[in-house]
Amino acid sequence: MKQDFLNEINQDSFEFVGVKEKEAVFGTKPIGFYRDVFKRFFKRKTAIVALSIIGLLLIYSLIMPLFYPFDATMAEPDYRFAKPRNFLSNGSYSKTIGLNEFDLLRSIGISVLDVDGEYGKELITWEQADSSDFQPILKSEDTVLEGFGESSHQNGKKVRIDSYLEVGFVYKTISTDEYLQILEWEQNNGKNVIYPMVDRYSWFFDDFQNDFRQRPPEYTQNANYWFEISSWSRTPVKFDDDSLQANYLVFNQDEQSISDKDKIIHNALNGSIPNKGDILKYQISDNNVTVRVLSYNYFIYRNGTVPAFWMGLNDQGQDIFTRLASGLRMSLLLAFLVAIISMVLGVLVGAVCGFYGGTVDLIVNRVQDVLVGVPTIVVVSLIYLHFVLTGKIPIFVGLILGFVLFAWVGYARLVRTQFFRFKQQEYVLASKTLGAKNKRLMFKHIFPNTLGTLITQFALAIPVTILMEVVLYFLNILQLGNGGATLGILINEGAVAMSSQPHIIFWPVAVFALIMLSFNMLGNSLRDAFDPNQRGK
Amino acid sequence: MDTLKYTLKRLGLMLLTLFIIFTIIFVLIKLLPTSLYDSLSAADKAKWDALGYNNPIIVQYGTYLKNIITRWDWGYSWNIKLGQTSTSLFLDRMVPTVLVNLFSFIIAVPIGLLLGILIAQKKNKWQDQVYGVVIIFFIALPSFVFAFLLQYFLAFQLGWLPIRMEPINLVSGWFDPLMLLSMVLPVLAMAIPIIASTSRSVRAELSEQLGSEYMLLARAKGLTKRQATFRHCFKNAMVPILPILIGMFILNFSAGSIVIERIFSIPGTGLLYLDALTTRDYDVFMVVSMFFVFASLLSGLVSDLSFSYLDPRIKVR
């Protein structure tokens with residue numbers, strides 16, 4: 001009866017209460033913590049900038065050297081202090097030089113043209129010399145500076161010099177085989193490498209003393225003096241028309257006075273014994289020959305490419321571009337190794353201390369206090385003196401050891417606090433009740449909570465390690481071992497000659513600054529991204 | 001009373017740590033090869049033996065400790081200045097280090113505070129954004145990069161200031177105008193990072209405080225913005241900053257300035273440390289190292305303790 005009544009009620013006269021207030025269904029997917037971190041990290045401009053700088057530095061240190069014609073083992077003492085030649089600068093520099101040096105450098109152009117026009121038979125004007133491809137003086141001011149130089153009784157000129165052409169000619173002692181190879185290369189490539197020898201040990205007439213004298217040592221060593229000089233201060237002898245008088249080595253031996261050994265060499269190099277009065281391109285010294293080579297072309301002959309170093313050369317003629325790339329590689333490797341080793345160590349120690357607490361924690365805490373109290377510089381220098389200088393371990397290992405000794409403390413303290421915080425939380429207790437072992441609790445349940453801070457610490461520790469390494473090398477506490485270059489070694493090298501050769505220190509410091517900047521920016525971005533308070537913002 | 005107890009406890013712990021580090025460094029130094037001994041003259045060798053430098057390490061340790069406690073005798077310099085006690089040598093070298101650090105703090109802290117306050121007022125405006133970009137450079141780059149830049153441009157290129165610090169024997173004293181002029185570059189190089197870090201933390205703290213509710217109350221009861229900022233906000237904002245500044249001040253007297261001292265040839269404790277290390281002058285090395293350790297421990301301790309003195313809300317356990 002009652003049932004029938006109920007059936008008779010029309011459903012349409014009812015309506016649900018609160019349908020309008022029904023819970024809205026989420027239109028978006030739930031986002032996990034790490035996904036959120038990831039999203040927030042890449043939204044930050046600083047993070048993107050930092051990552052791109054780090055990427056560029058890695059490309060530079062790992063890939064660029066493959067596309068660069070010179071390698072880190074190259075040493076060109078002739079080109080020491082060569083300025084950077086790249087798309088921004090042409091490798092020249094401004095300098096005030098004495099008038100003698102001005103003449104000397106400027107005459108390189110004449111010498112080259114002179115030989116191309118068959119040894120002085122054509123008259124070369126200074127204007128022609130200045131337009132030569134090998135003229136090192138690119139620009140010079142007309143005004144003569146009086147009282148220039150240390151002795152200040154010399155007159156000078158302000159000029160712009162190409163640091164690659166400045167080298168000009170050099171004397172080289174080579175084997176007869178190489179001589180012949182160069183001659184062949186000259187014919188194939190249409191470039192002159194070997195130029196006539198200078199009669200550099202003969203006596204000259206000194207105008208000042210009005211007598212014959214031996215040539216000054218600079219004249220005998222510097223192959224750019226191809227002209228006759230008139231005084232000890234190396235003033236060139238000029239003809240009336242302002243051209244220079246060459247002082248080439250002329251063959252004047254009699255046939256009988258030539259030794260058999262020399263005859264063989266002459267025949268090998270020249271095809272025959274030279275006639276009296278011929279200008280010689282080589283001078284026999286024992287079994288080898290001394291030649292006067294145009295350094296620029298000699299470089300092309302040996303390396304297959306023109307000398308052009310993107311970051312210049314240092315005081316030993318080593319290429320800064322490749323050395324910096326390998327130094328950067330080395331420093332980054334050191335920093336990453338230190339960070340990884342100390343992180344693993346710190347996590348293990350910190351986890352044990354934080355999870356178990358008690359006596360272990362107390363002892364470890366005291367040890368950490370001691371370690372934090374000792375300045376890094378003291379311990380690294382003692383490790384260096386004890387183990388590295390005595391040859392027990394290589395310097396690279398010594399540095400890792402010294403840095404890890406301190407770096408692990410930071411990680412351990414971080415992990416310890418996180419373990420303290422999380423070990424009493426309900427979810428851990430729940431897992432414990434379900435029978436989870438300590439190891440599982442520690443590394444499956446609690447450890448993931450520390451990941452964010454650990455990664456941040458990792459990123460921030462890298463510039464700290466590199467800074468420390470740079471400082472230790474800069475202070476000469478560590479001396480150059482055979483472990484190759486690092487950023488610190490390069491900066492120390494550059495600091496020595498900073499006033500006169502700023503390009504040597506500029507590049508390493510620039511790269512170092514970029515590293516410090518980018519890793520600090522990365523670390524700060526990571527810290528913000530992992531900050532749970534910022535979630536969803 | 002609680003504070004006193006806590007202070008004493010921390011002091012005791014510090015002394016214990018100091019003692020342990022002292023022992024470790026002593027043993028490590030004594031284990032080093034004595035290349036210095038071979039280079040001494042016969043008379044100095046005799047002196048060396050008489051002073052007991054060839055005894056077993058444990059005996060030497062006892063003697064050394066006894067001399068320090070009873071007579072404050074830290075041994076002698078053998079190489080840098082033969083025969084001078086290492087403590088007096090160290091004290092001589094303290095002067096320039098303290099002066100340069102003091103000057104840089106006197107310049108840097110007010111500028112840093114002022115800059116921080118100004119930027120905090122302009123929060124989220126263009127000034128703040130420019131500051132945010134620029135400050136990254138100044139925070140991330142270590143002071144020696146600035147030192148190189150300053151030295152290269154102001155000293156080498158423009159020639160406005162001396163490249164290195166004037167040697168003390170060439171001028172009349174530490175406050176000679178020439179000497180002060182030559183201190184400008186190192187002081188600047190040291191001041192830049194301090195200005196950067198101070199202003200950044202002041203900006204962060206102050207802008208947080210400026211948005212708080214007591215500030216609203218202060219403005220509501222009729223204080224001007226300036227009054228409210230300086231009387232209320234600034235004090236609160238300084239609570240976390242001041243201890244850091246104090247700690248930095250103490251720490252900078254030691255290891256922080258070695259690089260700057262090397263760049264500008266300041267004859268201070270940092271260079272003394274380097275000299276002692278490179279010439280194997282072990283007693284001097286010991287004194288300087290222990291001072292560095294002491295300074296770093298002290299700076300941590302003082303900055304920790306000053307928290308509770310500065311902020312009555314923080315109660316020490």
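Tutor: A residue is called buried when its relative accessible area is under 20%. The model discussed here is predicted.

Student: What percentage of the 317 residues in chain B is buried?
Tutor: Chain B contains 13 helices and zero strands, and its C-alpha trace spans about 80 × 60 × 30 Å along the principal axes. Within this helical chain, the buried share of the 317 residues is 49%.

Student: How many aromatic pairs are there over all chains?
Tutor: Two rings of Phe, Tyr or Trp pair if their centres lie within 6.5 Å. By this rule, the count over all chains is 50.

Student: Which class of aromatic pair do Trp226(A) and Tyr248(A) form?
Tutor: The ring centres are 6.2 Å apart and the planes meet at 20 degrees. Planes under 30 degrees apart count as stacked, so the pair of Trp226(A) and Tyr248(A) is stacked.

Student: How many residues apart are Trp226(A) and Tyr248(A)?
Tutor: Both Trp226(A) and Tyr248(A) are buried. Each lies in the loop between helix H7 (217–221) and helix H8 (260–270) of chain A. The pair links distant parts of the chain, and the separation is 22 residues.

Student: Which class do the rings of Phe26(B) and Tyr61(B) fall into?
Tutor: Their centres lie 5.4 Å apart, and their planes are at 55 degrees. Stacked pairs require under 30 degrees and edge-to-face pairs over 60. The angle for Phe26(B) and Tyr61(B) fits neither, so this pair is tilted.

Student: Are Phe26(B) and Tyr61(B) buried or exposed?
Tutor: Phe26(B) belongs to helix H1 (residues 2–30) and Tyr61(B) to helix H4 (residues 57–71) of chain B, so their pair ties together parts 35 residues apart in sequence. By the cut-off of under 20% relative accessible area, both Phe26(B) and Tyr61(B) are buried.

Student: Over which ring does the charged end of Arg292(A) sit?
Tutor: A charge counts as over a ring only within 6 Å of the ring centre. The charged end of Arg292(A) is 4.1 Å from the centre of its ring, and that ring belongs to Phe169(A).

Student: Which residue of strand E10 (residues 288–294) of chain A is the bridge partner of Phe169(A)?
Tutor: Six of the seven residues of E10(A) are buried, so the rest of the structure largely encloses this strand. Strand E5 (residues 169–174) of chain A runs antiparallel to E10(A) and is joined to it by six bridges. Within E10(A), the partner of Phe169(A) is Leu294(A).

Student: Which residue in the turn between E9(A) and E10(A) has a positive phi?
Tutor: Strand E9 (residues 282–285) of chain A is antiparallel to E10(A), with four bridges between them; Ile284(A) has Val289(A) as its partner in E10(A). The two strands form a hairpin with two residues between them. The turn residue with a positive phi, of about 55 degrees, is Asp286(A).

Student: How many charged residues are in the lining of the second largest cavity?
Tutor: This cavity holds about 40 Å³ of space, and its lining includes Tyr79(A), Tyr164(A), Gly168(A) and Leu294(A). Eight of the lining residues are nonpolar and two are polar. The number of charged residues is therefore none, with Asp, Glu, Lys and Arg taken as the charged class.

Student: Which helix gives the most to the lining of the second largest pocket?
Tutor: The pocket has about 1300 Å³ of space and 25 lining residues, with Arg44(A), Thr46(A), Asp528(A), Gly132(B) and Ile136(B) nearest its centre. At least two lining residues each come from helix H3 (45–62) and helix H17 (502–530) of chain A, and from helix H6 (126–140) and helix H8 (177–210) of chain B. By class, the lining has twelve nonpolar, six polar and seven charged residues. The greatest contribution, ten residues, comes from H6(B).

Student: How far apart in space are Ile466(A) and Gly488(A), C-alpha to C-alpha?
Tutor: Ile466(A) lies in helix H15 (residues 438–474) of chain A and counts as buried, at 1% relative accessibility. In sequence, Ile466(A) and Gly488(A) are 22 residues apart. In space, their C-alpha to C-alpha separation is 8.2 Å.

Terms used: Residues numbered from 1 in each chain as written. Chains lettered and ligands numbered in written order. Predicted model: local features only at pLDDT ≥ 70, side-chain atom pairs only at ≥ 80, totals over all residues. Heavy atoms only, no water. Phe/Tyr/Trp six-rings, centres within 6.5 Å; stacked < 30°, edge-to-face > 60°. Buried < 20%, exposed > 50% of the residue type's maximum accessible area, 1.4 Å probe, protein only. Lys NZ or Arg CZ within 6 Å of the ring centre and 35° of its normal. 1 Å grid on protein atoms, 1.4 Å probe; cavity = no way out; pocket = protein on both sides within 12 Å on 5 of 7 lines; lining within 4 Å. Points joined across faces, edges and corners; volume = space filled by probe spheres on them. Pairing = 2+ DSSP bridges.
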